[in-house]
Amino acid sequence: PEIQAVLPFFLGCLTTDSGGDALDLNILAPNELGQTYPADVQCTRHFGARSLMCRAQYGSDPTFTYGDDFCGEMRCSIPGTEACEGTLPFDGTSCGDGKWCQDGVCTPSVDAPSTVSDTCPQGDSPVANCDVNACALVGAIYEDYVCCQTCAEPPILDPPDNV
């Protein structure tokens, strides 16, 4: 059971256990890795606690977008700094609506999950306090990347006062 929890992070390195028997490397199919361990979890595993995917960079840097750019280098925050660094996401990591990363390329697949849009494959930032009523007021980065899932919903309107 313990080896099953860490094996996905060492698939490229482990081939035998201490007894010399071959390990079952098919515990998770390759495309299940990115679905089992979403981008924020991959960042935390790679760069440490409190590291998350740098969603805002995908909107503020026109040379870096979701799709192949993301699958070739998923950017993660470096805890204690303002910096983001890149890492290769696991195969199966969502990179768009009905698309996932496969060998560093964003690939359409009938097996890939549906997402809000091609620019919101990982949903809202887990540390953002997203409010559907603030979406149009805060700005494009908030609306399109940081809180993209929440902002895809229609705003909640107050009911009219009865006169």
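This report covers the nonpolar cores, an aromatic pair and two residues with positive phi in a predicted model.

In soluble globular proteins, nonpolar side chains tend to be buried together. Here the largest nonpolar core has 13 residues, and Met-53, Tyr-58, Tyr-66, Phe-70, Cys-71, Met-74 and Cys-95 touch the most other members. At least two residues of this core come from each of helix H3 (39-47), helix H5 (68-72) and strand S1 (74-77). Leaving aside residues up to four places away in sequence, Cys-71 has contacts with Leu-88, Pro-89, Cys-95, Cys-101, Gly-104, Val-105 and Cys-106. A second core, separate from this one, is made of six residues, among them Ala-134, Tyr-142, Cys-147 and Cys-151.

The count of aromatic pairs is one. Its members are Tyr-37 and Phe-90, whose ring centres are 6.3 Å apart and whose planes meet at 70°, so the pair is edge-to-face. Tyr-37 is in the loop between helix H2 (30-36) and H3, while Phe-90 is in the loop between strand S2 (84-87) and strand S3 (94-96); the pair therefore ties together parts that are 53 residues apart in sequence. Both Tyr-37 and Phe-90 are buried.

Two residues other than glycine, Arg-50 and Asp-103, have positive phi values. The table lists them with their loops and relative accessible areas.

| Residue | Phi | Loop | Relative accessible area |
|---|---|---|---|
| Arg-50 | near 75° | between H3 and helix H4 (55-60) | 66% |
| Asp-103 | near 55° | between strand S4 (99-102) and strand S5 (105-108) | 65% |

Arg-50 is exposed, and Asp-103 also counts as exposed, because the cut-off for that class is over 50%.

Methods. Residues numbered from 1 in each chain as written. Predicted model: local features only at pLDDT ≥ 70, side-chain atom pairs only at ≥ 80, totals over all residues. Heavy atoms only, no water. Core = buried A, V, L, I, M, F, W, Y, C linked by side-chain atoms within 4.5 Å. Buried < 20%, exposed > 50% of the residue type's maximum accessible area, 1.4 Å probe, protein only. Helix = DSSP H or I, 4+ residues; strand = E, 2+ residues; numbered from the N terminus. Contact = heavy atoms within 4.5 Å. Phe/Tyr/Trp six-rings, centres within 6.5 Å; stacked < 30°, edge-to-face > 60°.
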